[in-house]
Amino acid sequence: MSTPLCLLCLEDEAEIASRAAHAAHLPLQVVQRHRFPDGELRLQLPPELPARVVVWRGLHQPNEKLVELLLIARGARALGAQWLGLVTPYLAYMRQDIAFHPGEVVSQRVVGGFLADLFDAVLTVDPHLHRVATLHEAVPLRDAERAVVLSGAPLLADLIAQHHSAPLLLGPDEESLQWVASAAQARGWDHATCVKQRHGDRHVTIALPALPVAGRAVVLLDDVASSGQTLVEATRLLRAAGAASVDVAVTHALFAGDAIDQVKAAGARHVWSTDCIPHPSNAVSIVPAVAGVLAQWASA
């Protein structure tokens, strides 16, 4: 008798996928991957698959991984999978939700449609949705209820509470308000956001909110840290304004290049993240929450 649902992953994500599979009582199979000298990929799936399959693939450094998902999804269906789910803790290409200049490709729409064509369900964590209200609008699956969003903000709030009794929770820009508010309001913490102007990938200016920060423990909370320049500037201004301490908590620790070193050099004490993306700053795990959804999919 076939297994009702199995989880597939690639070797570089086997550790976290294995923990999720174990917690959800699901079998895990690893997709074999070979790169040819010309850069093309050969993927080998298990020769037998059940009717329901979930693929685990985070989309940080996304371009090649999107090709992997195309090959895996089409290959799994050829091997008999009738229902495919995707667990992608970091969902790339969500930032560009409109064309800011004539001719720009709206990558959210293109990549979201691509994934919706391949999968019947998608689970992600804190997708960067700004002018789009729901994940289903960005990834238009046939069943809107199968577009599942989890949040790292409550997990990070629990961690912050272990270090501070009454911190000021601050978003480094206006777009971070949704995560800051959800984390702060549940515990009655003060919260606000900075105002940001971006002048390029690595050049931003920040204005602190009109709140007293001198002598206070401040935690900067956001969904993603990429170049880190917003966090660097916010940390620098907070320390100059007399904040007793500045910590940083993010769901997705991209931290390109020496970004995390710059954040710490600006005066941040602790840098915490979820394990959506493997990074030395990982301090809390999304696995229990993801495993809960996987168990629901398995019993559906």
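The second largest pocket holds about 480 Å³ of space. Here a pocket is an open set of points on a 1 Å grid over the protein atoms alone, where a 1.4 Å probe fits, with protein on both sides within 12 Å along at least five of seven lines. Its volume is the space filled by probe spheres set on the points, which are joined across faces, edges and corners. The lining of the second largest pocket numbers 26 residues (an atom within 4 Å of a point). Pro62, Tyr90, Ala92, Arg95 and Leu254 lie nearest its centre. By class, the lining has 15 nonpolar, 8 polar and 3 charged residues. Asp, Glu, Lys and Arg count as charged, and Gly is among the polar ones. Helix H2 (62-78), S12 and strand S13 (245-253) each give this lining at least two residues.

The model is predicted: local features need pLDDT of at least 70, side-chain atom pairs count only at pLDDT 80 or more, and totals for chains, interfaces and linings use all residues. Residues are numbered from 1 along each chain as its sequence is written, and side-chain values use heavy atoms, without hydrogens and water.

Two open sheets follow. Helices (H or I, at least four residues) and strands (E, at least two) are DSSP runs numbered from the N terminus; two strands pair if DSSP finds at least two bridges between them.

| Sheet order | Strands | Pairing |
|---|---|---|
| S9-S8-S12-S13-S14-S15 | 6 strands | parallel |
| S3-S2-S1-S4-S5-S6-S7 | 7 strands | mixed |

In the sheet of 6 strands, S9 (190-193) and S15 (282-284) are the edges; each has a single partner strand, so one side of each lacks a neighbour in the sheet. Twist averages 30 degrees from one strand to the next. Axes are lines fitted to C-alpha atoms, for helices over the stretch in contact, and angles run from 0 to 180 degrees between N-to-C directions. S8 (residues 168-171) pairs with S12 (residues 217-225) in the parallel sense over 3 bridges. Leucine 169 faces valine 219 in S12. Helix H6 (residues 177-185) lies across S8, S9 and S12, at about 175 degrees to S9.

In the sheet of 7 strands, S3 (41-44) and S7 (147-150) stand at the edges. Twist here averages 20 degrees from one strand to the next. S6 (residues 121-125) runs parallel to S7, joined by 4 bridges. Valine 125 has leucine 150 of S7 as its bridge partner. Helix H9 (residues 287-299) packs on this sheet, touching S1, S4, S5, S6 and S7 (heavy atoms within 4.5 Å).
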